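Open the model in your viewer and keep the sequence panel beside it. The stops below say what to select and what is there.

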Amino acid sequence: MREEGLQIKEWQQRIALYEDMKAYGHLYDLLFNGLHRFCQAFVKSGEVAEEIVSDVFIKLWLIRNNLHEIDNLKVYLYTIARNLSLNYLTRQYRGTHVNLDDIEPDMAIGTGNPEELCISADTLENIRAVIRQLPPQCRVIFQLVKEEGMKYKEVADVLRISPLTVRNQVGIATKKILEKLSRLGEEYTQPGER
């Protein structure tokens with residue numbers, strides 16, 4: 001993750017200093033999927049989420065000359081995505097107050113590394129089921145930390161909550177997943193093997 005942060009910082013500088021479209025494209029490719037899943041968790045539409053992410057990157061290009069003022073571009077872009085998603089929901093519900101706890105995010109668990117590829121399809125589906133049962137804010141936090149690799153402080157900044165809340169919510173999610181996997185392990189163990 002540290003290497004990703006350094007790469008983002010380099011692209012950020014190249015965009016700010018040279019209006020480098022290639023760096024802009026690399027940044028887009030790196031962050032699009034995560035931002036899309038994040039927005040889709042709010043708006044429940046892949047097409048709308050795609051439009052929002054496009055708006056995020058348009059805004060990024062429009063402020064390219066001021067990018068040197070942004071300390072953590074990834075957090076900045078997720079914050080813009082959150083705000084645009086909430087603005088969309090507010091427009092859809094004509095001024096209804098939108099609370100993060102009221103949103104039912106969908107999570108997608110990736111299977112990108114070899115360790116994850118070893119997880120059986122049944123186990124993966126059981127993990128997804130547990131995640132779907134988590135409270136909405138807990139799910140969003142878990143997604144940002146575990147899938148997007150964001151630090152607790154970064155998630156706290158994006159969602160405007162305390163890092164302690166982030167840590168607690170990740171702990172709750174992890175505990176529930178482990179409890180479910182533990183129960184499944186007991187079910188698969190033969191009575192004579194215990």
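Select Arg160 to begin: with a relative accessibility of 62%, Arg160 counts as exposed, because exposed means over 50% relative accessible area, buried under 20%, and partly exposed in between (1.4 Å probe, protein chains only). This is a predicted model, in which local features need pLDDT of at least 70 and side-chain atom pairs count only at pLDDT 80 or more, while totals for chains, interfaces and linings use all residues. Residues are numbered from 1 along each chain as its sequence is written, and side-chain values use heavy atoms, with hydrogens and water left out.

**Around Arg160**

Stay on Arg160 and show its backbone. Its phi is positive, about 60°, although Arg160 is not a glycine. Most residues other than glycine have a negative phi. Arg160 sits in the loop between α8 and α9 (163-188), just after α8. Helices here are DSSP runs of H or I with at least four residues, strands are runs of E with at least two, and both are numbered from the N terminus.

Now step back into α8 itself. Which residues of α8 are buried? They are Glu154, Val155, Ala156, Val158 and Leu159.

**A second positive phi**

Go next to Lys44, in the loop between α2 and α3. Lys44 is another residue other than glycine with a positive phi, near 60°. Its relative accessibility is 38%, so Lys44 counts as partly exposed.

**The aromatic residues of α2 and α3**

Select Tyr24, Tyr28, Phe32, Phe57 and Trp61 together and show their side chains; these residues form one aromatic cluster. The structure holds six aromatic pairs. Rings of Phe, Tyr and Trp (its six-membered ring) pair if their centres lie within 6.5 Å; planes under 30 degrees apart count as stacked, over 60 as edge-to-face and the rest as tilted.

Start with Tyr24 and Phe57. Their ring centres are 6.2 Å apart and their planes stand at 85°, so the pair is edge-to-face. Tyr24 belongs to helix α2 and Phe57 to helix α3, so this pair ties together parts that are 33 residues apart in sequence. Are Tyr24 and Phe57 buried or exposed? Both are buried.

Then pick Tyr28 and Phe32. This aromatic pair is tilted, at 5.2 Å centre to centre and 35° between the planes. Tyr28 and Phe32 are four residues apart in helix α2, so about one helical turn separates them. Tyr28 has a relative accessible area of 28% and is partly exposed, whereas Phe32, at 15%, is buried.

Keep Phe32 selected and display its surroundings. Leaving aside residues up to four places away in sequence, Phe32 touches Glu50 and Val53 (contact means heavy atoms within 4.5 Å). Phe32 and Val53 are 21 residues apart in sequence, and their C-alpha atoms are 7.0 Å apart in space.

**Helix α4**

Select residues 73-92, which make up α4. This helix has 20 residues and reaches 28 Å from its first C-alpha to its last, close to the 28 Å expected at 1.5 Å a residue. The expected span is 1.5 Å times one less than the number of residues.

Look at the start of α4. A side-chain oxygen of Asn72 comes to within 3.3 Å of the backbone nitrogen of Lys74.

Which residues of α4 are buried? Among them are Leu73, Lys74, Val75, Leu77, Tyr78, Ile80, Arg82 and Leu89. To see what covers the buried residues of α4, colour the surrounding helices: the cover includes α1 (2-18), α2 (21-43), α3 (46-62), α7 (136-147) and α8 (152-159).

**Two cysteines**

Select Cys39, which counts as buried at 0% relative accessibility. Cys138 is also buried, at 0% relative accessibility. How many disulfides does the structure hold? The count is zero, a disulfide being a pair of cysteine sulfur atoms within 2.5 Å.

**The whole chain**

Finish by zooming out. The chain has nine helices and zero strands. Of its 194 residues, 39% are buried. Among contacts between residues at least 6 apart in sequence, 64% join residues at least 24 apart. The accessible surface of the chain comes to about 11500 Å², and 50% of that belongs to carbon and sulfur atoms. Accessible areas come from the Shrake-Rupley method with a 1.4 Å probe; for residues, only the protein chains shown count as cover.

Conventions: Polar contact = N/O pair within 3.5 Å; in protein donor to acceptor, adjacent residues only side chain to side chain.
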